[in-house]
Structures are given as structure tokens and as C-alpha cells.
Amino acid sequence: MRIQDRHSVEGGRERVTLVPESLDDLWHLQYVLEPGDLVSGDTTRRIQRNDDQMRDTGGQREPMHVTIDVEEVEFHKFANRLRVGGVIEDCSREDQLGLHHTLNVEEREELTVEKVFKPDQNERLQEAVEATENPDVAVATVEEGQAHIHTVAQYGTEERARFTGTTGKGEYSRGRDELFDELSTALARMDVDAIILAGPGFTKQDALDHIEEEAPEVAKKISTVDTSGVGDRGVHEVLKRGAIDEVQEETRIAEEAEYIDELTARIAQGNKASYGPENVAEAAEFGAVETLLILDEKLREERGAEGEWEIDVDEVITQVERQGGDVTVFSSDFDPGQQLSNLGGIAALLRYRLE
């Protein structure tokens, strides 16, 4: 996500101009936007002209800039777009004011959002920005005699290192190990969550065996992919196969799964855990929440007209953050999110046990 401009406006609101740069960014925006927000962007709208009315052509589409008072937001993963629907508040054509319209927001399309940003929404925006600026996946490609390291961000790939060494085994094995040493050392210095080790033949497995022996902490982050080439060509093959998306998804699932495993273990032991809206709200009042776990879909529902909880979810989040606790929003797309849903969509790891 790229934030172009951000400033305060009246009523405690902020106006933020941003550019989503990936499908992930559009997914993040689904949970930032809510009814009552103002969203502005370029669009096209079918306009019925006087001369068209006689021919029943349905009118022609005209480009225009609109500001919508948001009523609904839908993320369409397979269409690569976010649909933001509502009533036109401002427009380059006055005759369109008050009519309903849907903005189809796609990657790299600028839009402006005006709203009172809640803490977790600001956090989600920041996560999206940091995901662009700080790549969290590296791709190492290796074959006999050479190795490359690329970083992968939402805006593309970049080669960070290139190594060459002696080709072959046997009497040349020392030179080969030196190549693997350089690769291992460089990967250990990188601040990434996951590493994909790719290349043709068995060389990548030999490299992984070496890294497991010399840098086991680095090896834990590595998964392997077969490619026919290395360098830019090898990275292109990795991207084409969707391996980056799989690793990023697995990384997020693993983090959420750790929280769920810890939660269920504590529940089974009757120790320092709480779940369900009323119980969690009570724990927050006592300042006992160390980590608040909440499902993204429930969070959006409770902030809108569909909410069923008797608690104010935003008040609970604010209490937890003021008391130094962490807030983790789970994705409903993954299994840990489904497990959290079965526990009421909200739970907490506590600092101490509540009687």
C-alpha cells in the first residue's frame, strides 16, 4: 500500500489518499472501510442523454470523479477488485448527486478515504504499507557454480546478492561448500519471514543440507521449489507457480495457528484464557488481556448494522491497547479463523487467571 497524502479534517476525521498495489492491499481495505465513510475515486457511469431516450440505447458511459457515502464493501478475490457501493455525495456532474453508484477499486488505482480511523484500522493500513516497503519473502536460486538472492515485495522482485564458485564435487567440494557458506551467511542477515530455495537438479538440496548444518535457524524458514533456471529466470518460474503466495499464506496461518493452539491449551487447563464477547469484555475491564484475538468478519459485522454482541467491540480494543495488550485480527479465510469463529469470534490470552 502506498499512502500519497494524509491530513486531518473537521469532526475528528482524516482524509487519506492511497494507492493499493496488490490484491493483499485490496483485502486489507475491506476491513478498513465501513458504512458512513466517504470514498472518492475515478470511475465511469452510464448517462442517459436526451437523444438516447428515443432509441433506448441505455446511455453511454462517461468518465467522472465521484465521492461515495459508503453503504457496503465487498472484496472480490477472483475478480481482483474491491467493490465500494453507496450514494454519490459529490460528483463532477450535479445531476448524479444522491444516486447510487459502485466504485470498482483495482490495483494501482488511487482513491481517497475520509473517516475516523480506529486504532486497528490504522494498524492494518500500516501493515499494508510495511509489506510493500519491507519484503518478507526471499527467493534463493542455486545451481552448480552460482547462486542468487532476490527479495519479493508487492511491487515486484529485486536481486540483492549474486555469488559464483567452483563447480562440481569431489576435489572441488571445498569450493562448492564456500559457495553454500556465502549463500547461508547472506540469508542469515536478511530480515524475512520465509525463504524459497529453488533451482534445477539436486544442487538446491545439497545447499539446504549445508544450511541445516551451519545455520539451522535459517533452514527452518526454507521451502524448496524445482525450477529449470536460476537468477531472474528462476524467480519468474517461482512466481508463475504461485509459490510466493502459498508461502505468505502459510506464514500467516502458522502465526494464527500458534495463537489458537496456545488458546485451546489454556482453555483445556482452565488457565489464563477467555472467549466469547461478554467474558473477553470483562477481562479487558480488569486489565487482564495480554493478547486479544478477534475474527475480521465479526469485527466488521459488529461495527455495522448486523452486529449482535451486547458489548462495544471498539471500546474493548481501545481498553486492551491502553493497557499495553496486543490485538490480532484473524482472517476468516483460514482454518485458525474458523476455530476462533467456533469460540464466538473473539478470545483472549490473559496475563493472569480470572476467577
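1. Start with a term. Two strands pair if DSSP finds at least two bridges between them. Keep in mind that the model is predicted.

2. Tyrosine 275 stands opposite alanine 347, a residue of S16. The two strands here are S13 and S16 (residues 346-350). They pair in the antiparallel sense, over 3 bridges.

3. Helix H12 covers residues 335-342 and packs on the sheet. It touches S14, S15 and S16. Its direction makes about 100° with that of S14.

4. Now take the sheet as a whole. It is open and has 4 strands. Their order is S13-S16-S14-S15, and the pairing is mixed. Why do S13 and S15 each have one side without a neighbour in the sheet? S13 (273-275) and S15 (326-330) stand at the edges, each with a single partner strand, so one side of each is left without a neighbour. On average, neighbouring strands of this sheet are turned by 15° against each other, direction ignored.

5. A further helix is H9, residues 277-285. It lies across S13, S14 (289-295) and S16. H9 runs at about 35° to S16.

6. Look next at lysine 298. It sits in helix H10, which spans residues 296-303. Is lysine 298 buried or exposed? Its relative accessibility is 16%. Buried means under 20%, so lysine 298 counts as buried.

7. Which residues does lysine 298 touch, not counting those up to four places away in sequence? They are Trp309 and Gly345.

Methods:
Residues are numbered from 1 along each chain as its sequence is written. This is a predicted model: local features need pLDDT of at least 70, side-chain atom pairs count only at pLDDT 80 or more; totals for chains, interfaces and linings use all residues. Side-chain values use heavy atoms; hydrogens and water are left out. Axes are lines fitted to C-alpha atoms, for helices over the stretch in contact, and angles run from 0 to 180 degrees between N-to-C directions. Contact means heavy atoms within 4.5 Å. Buried means under 20% relative accessible area, exposed over 50%, partly exposed in between (1.4 Å probe, protein chains only).
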